[in-house]
Amino acid sequence: MTDHQTQPYAGPERVFSGVQPTGALHLGNYLGALKKFVALQEDHECLYCVVDLHAITVNPDPATLAQQTREIAAAYLACGLDPEKSIVFAQSSVPAHTELTWYLNCVSRMGWMERMTQFKDKAGKDAQRASVGLFDYPVLMAADILAYKATHVPVGDDQKQHLELTRDIADKFNRDFDTPNFFPLPEPLIKGPGARIMSLKDGTKKMSKSDPSDLSRINLIDDADAIVKKFKKAKTDVLGDMPETEAGLKDRPEVDNLVGIYAALAGTDKQAVLTEYGGKGFGTFKPALADLAVAHLSPITTRMRNYLDDRGEIDRVLKDGAARADTIARPIMDDVRKIIGFWRS
Ligand code: TYM
């Protein structure tokens, strides 16, 4: 039997990630994903996708999908993605994603899929009524990554299980077809204080687009007044001032979250924040945090509005990105078809 994956993958390093066009982006998306995307483009080949095929797994809305796709592309550019350096495109415009999903469906195992916690969360109590697409969502995600043989995937902590599954699927394909190292086993890039940003109203719940309370999140399109107000109203606790060490954040999820947000925005770690603010009250810390967030997000918000006024430019970026992405995926898909053994004349 061939010795699988004992050699390191020999292909080029390539970064892939995606964001769903399902509503306004928030600070969690920015710190967990987009901020990392921008840093990586300086020294990596990067593909950043607006995952519109994923968006239709729940309540598709033909009237808004294209515009929401443009909005995520505008956010990418406003956060600093340079379309000359990074490939920015819409998932549905490159056929490899759907085609590879089918092949990977035939490699993936029901037992693996049934363990996916995000499906259970999103399907809710009545899983029987969820779309098959929602169940298959993680395989489409694996196809996104593997269609380009991406080696690194920057995401927030909530995508960890999906990336473990992607590695399992890639490994199974390589084994089933006896093609060791054909697909890389992609590395998740998750670490850092921004990986898990929690709700401003409940430090045990993830900051999320779907939370009914707008006060639970900072949206990328919030203006300065809204950001200041939301941090002012952010939940803390009655356990006293800011702790001086990270150990003091234990059992204080809301404070831990605010310190993590500050650290991620400032590009430092939690301990550095506590060294500066330990022993001080929230009346001092919260306005400083709000100022930092406004300084960081205001230019992004302004740029995003400008991009959204220039639909032609966004469409040009997405079209050019789709052509470049397709050029990478095509020869990989040719190889995949040969490996599987399809008839060709
Ligand atoms: P999506 O659109 O839900 O979220 C986009 C990115 O934001 C991160 N994120 C967070 N990070 C920190 N704290 C939070 N509260 C928070 N909320 C969201 C997510 O982890 C994600 O990185 N399935 C993916 C999209 C996707 C994808 C891919 C990602 C499709 N195909 C291939 C990587 C590779 C998703 O739903 O992201």
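## Elements around the ligand

Strand E1 (15-19), helix H1 (27-40) and helix H7 (132-146) each supply at least two residues to the shell that surrounds the ligand. The structure described here is a predicted model, and in this model the shell consists of 28 residues, the closest being Tyr137, Asp144, Gly156, Asp158 and Ile197. Sorted by class, the shell around the ligand holds 12 nonpolar and 11 polar residues, together with five charged ones.

## Polar contacts and cover

Two of the closest residues, Asp144 and Asp158, also approach the ligand with polar side-chain atoms: such an atom of Asp144 lies 2.7 Å from a nitrogen atom of the ligand, while an N or O atom in the side chain of Asp158 is 2.4 Å from an oxygen atom of the ligand. Met207 takes part through its backbone, where a polar atom is 3.0 Å from a nitrogen atom of the ligand. On its own the ligand has 710 Å² of accessible area, and the protein covers 96% of that area.

## Packing of H1 against H12

Helix H1, which contributes to the ligand shell, also packs with helix H12 (residues 282-308), at an angle of about 85 degrees and with the two axes 13 Å apart. Because an angle from 65 to 115 degrees counts as roughly perpendicular, H1 and H12 are therefore described as roughly perpendicular to each other.

From H1, the residues that make this contact are Leu27, Tyr30 and Lys35, and from H12 they are His296, Leu297 and Ile300. By class, the residues of the contact divide into four nonpolar, one polar and one charged.

Conventions. Residues are numbered from 1 along each chain as its sequence is written. This is a predicted model: local features need pLDDT of at least 70, side-chain atom pairs count only at pLDDT 80 or more; totals for chains, interfaces and linings use all residues. Side-chain values use heavy atoms; hydrogens and water are left out. A residue is near a molecule or strand if one of its heavy atoms lies within 4 Å of it. A polar contact is a pair of N or O atoms within 3.5 Å; within protein, one must be able to donate a hydrogen and the other to accept it, and residues adjacent in sequence count only if both atoms are side-chain atoms. Accessible areas come from the Shrake-Rupley method with a 1.4 Å probe; for residues, only the protein chains shown count as cover. Helices (H or I, at least four residues) and strands (E, at least two) are DSSP runs, numbered from the N terminus. Ala, Val, Leu, Ile, Met, Phe, Trp, Tyr, Cys and Pro count as nonpolar, Asp, Glu, Lys and Arg as charged, and the others, Gly among them, as polar. Axes are lines fitted to C-alpha atoms, for helices over the stretch in contact, and angles run from 0 to 180 degrees between N-to-C directions. Angles under 35 degrees count as roughly parallel, over 145 as roughly antiparallel, 65 to 115 as roughly perpendicular and the rest as oblique. Contact means heavy atoms within 4.5 Å.
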